[in-house]
Amino acid sequence: MIGHSPRRTTSVALLIALLAALALSGCGGDRAAAKGEDPSQVDATGLPEVGKCRNLSHDDVAEAYNFDKYVPCDEPHNAETFGAGPLPDEFKDAEYGDEKVNEWAFSQCRKLLEKYVGSDQSLLMRSMLSHVYFGPSEKAWDEGARWIRCDVVGGGQQGAEYVDLPTTTRNLLKVKKVEDVEDRWMVCAQGKTVTSPKVPCSDPHQMRAVTTIKLGEPKDKYLGASGSKKKASQYCRGSVNAWMGYPESFEYGYTWFGEKEWNAGNRWAVCWAVTEE
């Protein structure tokens, strides 16, 4: 039961962003292609093709590289390659799994995804869309391959299960007002805590991601868990209250990211409102 004064939900969690860590070592061409892989892509040194679609699992995106077979983009799929390109020259002598490569890839794919779907970072973080990235296999890396592949997936940003994407996600979030985005592309939760299962807002839900706060600028040092929590809590309390029209009582929650994601450029926290929808 909601009390007579604003209060926050008691369960607040650190979300771990979906970083497809290149530190995960690969077996290269010495192993047989795994089920679902395209042999012509395995250990390829050339740039991946943009505009291709696939069906990826959470296990897939936890790997350093991915060579799943393409599926036609007008058929059911949950991932679309929206960008690919070479690494900067500064990484030509980097070791496979260099964390600086991870940070650069995460940041570049995030910026590119904003442009591709026609969104800013605030709206993107409240949507069902998120990005994952992959690099070459270790064998291809040893042969001089230096590239990243950026995929947009229908879920994952807030821990949501992957959902099917449209034929293309280009300009999917390009709207005049946030309210114009279809609920199936916005993220909600089935429960009254921020750790509850995430679903599209077109599904039954009890919480909705309604606003965001930028916790720091590019050159700012990491606030720490306690500092991030404090700043997010203070902002989200007032922000959710305003979003709900200043009711006499309400419930809210907030999520923020850790130091690894901060270093990769994610300085945001997400504010959640209990909506009982």
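Visitor: Is Tyr246 buried or exposed?

Guide: Tyr246 is exposed, since its relative accessible area is 60% and anything over 50% counts as exposed. Bear in mind that this is a predicted model.

Visitor: Where does Tyr246 sit?

Guide: Tyr246 is in the loop between α5 (224-243) and β10 (251-257). Its phi is positive, about 55°, although Tyr246 is not a glycine.

Visitor: What sign does phi have in most residues other than glycine?

Guide: Negative, for most of them.

Visitor: Which residue in the loop between β6 and β7 has a positive phi?

Guide: Asn171, with a phi of about 65°. Asn171 lies in the loop between β6 (147-154) and β7 (187-189). Asn171 counts as partly exposed, because its relative accessibility is 36% and the partly exposed class runs between 20% and 50%.

Visitor: Back to the loop between α5 and β10. Where is Phe250?

Guide: Phe250 is in that loop, between α5 and β10. Phe250 is buried, with a relative accessible area of 1%, whereas Tyr246 is exposed.

Visitor: Which residues does Phe250 cluster with?

Guide: Ring pairs join Phe250 with Tyr252, Tyr254 and Trp256 in a cluster. As for the backbone, the C-alpha atoms of Phe250 and Thr275 are 9.0 Å apart in space, with their positions 25 residues apart in sequence.

Visitor: How many aromatic pairs are there?

Guide: The count comes to eight aromatic pairs. Take Phe91 and Trp104: the ring centres are 6.3 Å apart and the planes stand at 65°, so this pair is edge-to-face. The pair links distant parts of the chain, 13 residues apart, with Phe91 in the loop between β4 (79-86) and α2 (99-117) and Trp104 in helix α2.

Visitor: Why is 65° edge-to-face?

Guide: Because planes over 60 degrees apart fall in that class, and the planes of Phe91 and Trp104 are at 65°.

Visitor: Is Phe91 buried or exposed? And what about Trp104?

Guide: Phe91 is buried at 6% relative accessible area. Trp104 is partly exposed at 23%.

Visitor: What else is in helix α2?

Guide: Glu114 is found there. Glu114 is buried, because its relative accessible area of 17% is under the 20% limit. Not counting residues up to four places away in sequence, Glu114 touches Ser119, Asp120, Gln121 and Leu124.

Visitor: Changing topic: which charged side chains lie over ring faces?

Guide: Arg146 lies over the face of Trp141, at 3.8 Å from the ring centre. Lys52 lies over the face of Tyr70, at 5.0 Å from the ring centre.

Visitor: What touches Pro136?

Guide: Leaving aside neighbours within four places in sequence, Pro136 is in contact with Tyr65, Tyr96, Trp141, Ala145 and Trp147. Trp141 is the residue whose ring face has Arg146 over it. The C-alpha atoms of Pro136 and Arg146 are separated by 7.2 Å, and the two are ten residues apart along the chain.

Visitor: Where is Pro136, and is it buried or exposed?

Guide: Pro136 is in the loop between β5 (129-134) and α4 (138-142). Pro136 is buried, with a relative accessible area of 1%.

Visitor: Now pockets. How much space is in the largest pocket?

Guide: About 180 Å³.

Visitor: Which residues line the largest pocket?

Guide: The lining consists of Arg126, Val178, Glu179, Val181, Asp183, Met186, Arg208, Ala209, Val210 and Trp243. By class they divide into six nonpolar, four charged and no polar. Strand β9 (residues 207-214) gives the most to the lining, with three residues.

Visitor: What about Glu276, where is that?

Guide: Glu276 lies in the segment after β11 (268-274). Glu276 is partly exposed, with a relative accessible area of 47%.

Visitor: Which residues does Glu276 touch?

Guide: Lys192, His205 and Gln206, not counting residues up to four places away in sequence. Glu276 and Gln190 are 86 residues apart in sequence, with their C-alpha atoms 9.4 Å apart in space.

Visitor: And the whole chain: how many helices and strands?

Guide: The protein chain has six helices and eleven strands. Of its 277 residues, 51% count as buried. Among contacts with a separation of 6 or more, 70% are between residues 24 or more positions apart.

Methods:
Residues numbered from 1 in each chain as written. Predicted model: local features only at pLDDT ≥ 70, side-chain atom pairs only at ≥ 80, totals over all residues. Heavy atoms only, no water. Helix = DSSP H or I, 4+ residues; strand = E, 2+ residues; numbered from the N terminus. Buried < 20%, exposed > 50% of the residue type's maximum accessible area, 1.4 Å probe, protein only. Contact = heavy atoms within 4.5 Å. Phe/Tyr/Trp six-rings, centres within 6.5 Å; stacked < 30°, edge-to-face > 60°. Lys NZ or Arg CZ within 6 Å of the ring centre and 35° of its normal. 1 Å grid on protein atoms, 1.4 Å probe; cavity = no way out; pocket = protein on both sides within 12 Å on 5 of 7 lines; lining within 4 Å. Points joined across faces, edges and corners; volume = space filled by probe spheres on them. Nonpolar A, V, L, I, M, F, W, Y, C, P; charged D, E, K, R; others polar.
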